[in-house]
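User: I'm new to this structure and would love a close look at a single part of it, the largest nonpolar core. Could you walk me through what makes up that core and what lies around it?

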Amino acid sequence: MSSRRKLTAYFNKPTPLYAKPWVVVIVASLLIGFLLGFFQPFGIERFSITVKCYVVIGFTLVTAISTSIVGYLLPFLFKKFYNPLTWTIGKNSINQFVLILLIALGNSFFDWSISHRQTETFGFVLLSYILITLLIGIIPAVVSFFIIQNDRLKRNLH
């Protein structure tokens with residue numbers, strides 16, 4: 001079997017669609033809020049306490065809104081795609097990629113608006129946030145995938 005067929009077979013494997021999107025919204029938002037507040041990456045440490053809070057809350061809200069859109073709005077609008085009976089690893093990967101892009105877009109708008117950047121810099125800011133969000137977001141996406149897989153396996157074994 002060629003590597004292309006193996007990859008296609010892998011992405012066509014059925015996988016569970018997580019039934020509690022509110023958990024993802026809460027956990028992702030709290031995790032982002034904690035990480036940004038504690039580690040203060042991307043120059044957040046330079047701001048006053050008030051601005052730090054505004055920035056951390058803003059990026060946390062972007063995550064909450066994005067995960068809510070992917071967890072609730074998209075399944076409502078695209079019922080056939082989000083059918084739990086036909087959910088596959090490939091669909092899950094597309095879903096995670098859409099989530100990462102939505103968060104990157106939201107973060108770009110938020111950063112761009114609070115930084116009072118020039119209009120022509122938006123493309124660069126967006127590209128930067130897509131790369132940063134992809135690099136950071138791939139870790140929780142993969143971890144959550146395996147947690148959901150293991151949870152379903154445990155339930156099926158019982």
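Analyst: Happy to. A residue is called buried when its relative accessible area is under 20%, exposed when that area is over 50%, and partly exposed in between, using a 1.4 Å probe and protein chains only. By that measure, 30% of the 158 residues in the protein chain are buried.

A word on the source: this is a predicted model, in which local features need pLDDT of at least 70 and side-chain atom pairs count only at pLDDT 80 or more, while totals for chains, interfaces and linings use all residues. Residues are numbered from 1 along each chain as its sequence is written, and side-chain values use heavy atoms, with hydrogens and water left out.

Now the frame around the core. The protein chain has five helices and zero strands, where helices (H or I, at least four residues) and strands (E, at least two) are DSSP runs numbered from the N terminus. Along the principal axes, the C-alpha atoms fill a box of roughly 55 × 35 × 30 Å.

Here is the part you asked about. A nonpolar core is a set of buried Ala, Val, Leu, Ile, Met, Phe, Trp, Tyr and Cys residues joined through side-chain atoms within 4.5 Å. The largest one has ten residues in all: Leu36, Ile44, Val55, Val56, Phe59, Val62, Ala104, Phe110, Val125 and Tyr129. At least two residues of this core come from each of helix 3 (49-77), helix 4 (89-115) and helix 5 (122-157). Helix 3 gives the most, with four residues.

Phe110 is a good place to zoom in. Setting aside its neighbours within four places in sequence, Phe110 is in contact (heavy atoms within 4.5 Å) with Tyr54, Val55, Gly58, Phe59 and Val62. There is also a second, separate core of six residues, which includes Val70, Trp87, Leu99 and Ile103. In soluble globular proteins, nonpolar side chains tend to be buried together.

Next in sequence after Phe110 comes a charged residue, Asp111, which forms a salt bridge with Arg117. That term means a side-chain nitrogen of Lys or Arg within 4 Å of a carboxyl oxygen of Asp or Glu. The closest N and O atoms of this pair are 2.8 Å apart, and the count by this rule comes to one salt bridge. Asp111 is buried, with a relative accessible area of 9%, whereas Arg117 is partly exposed at 37%.
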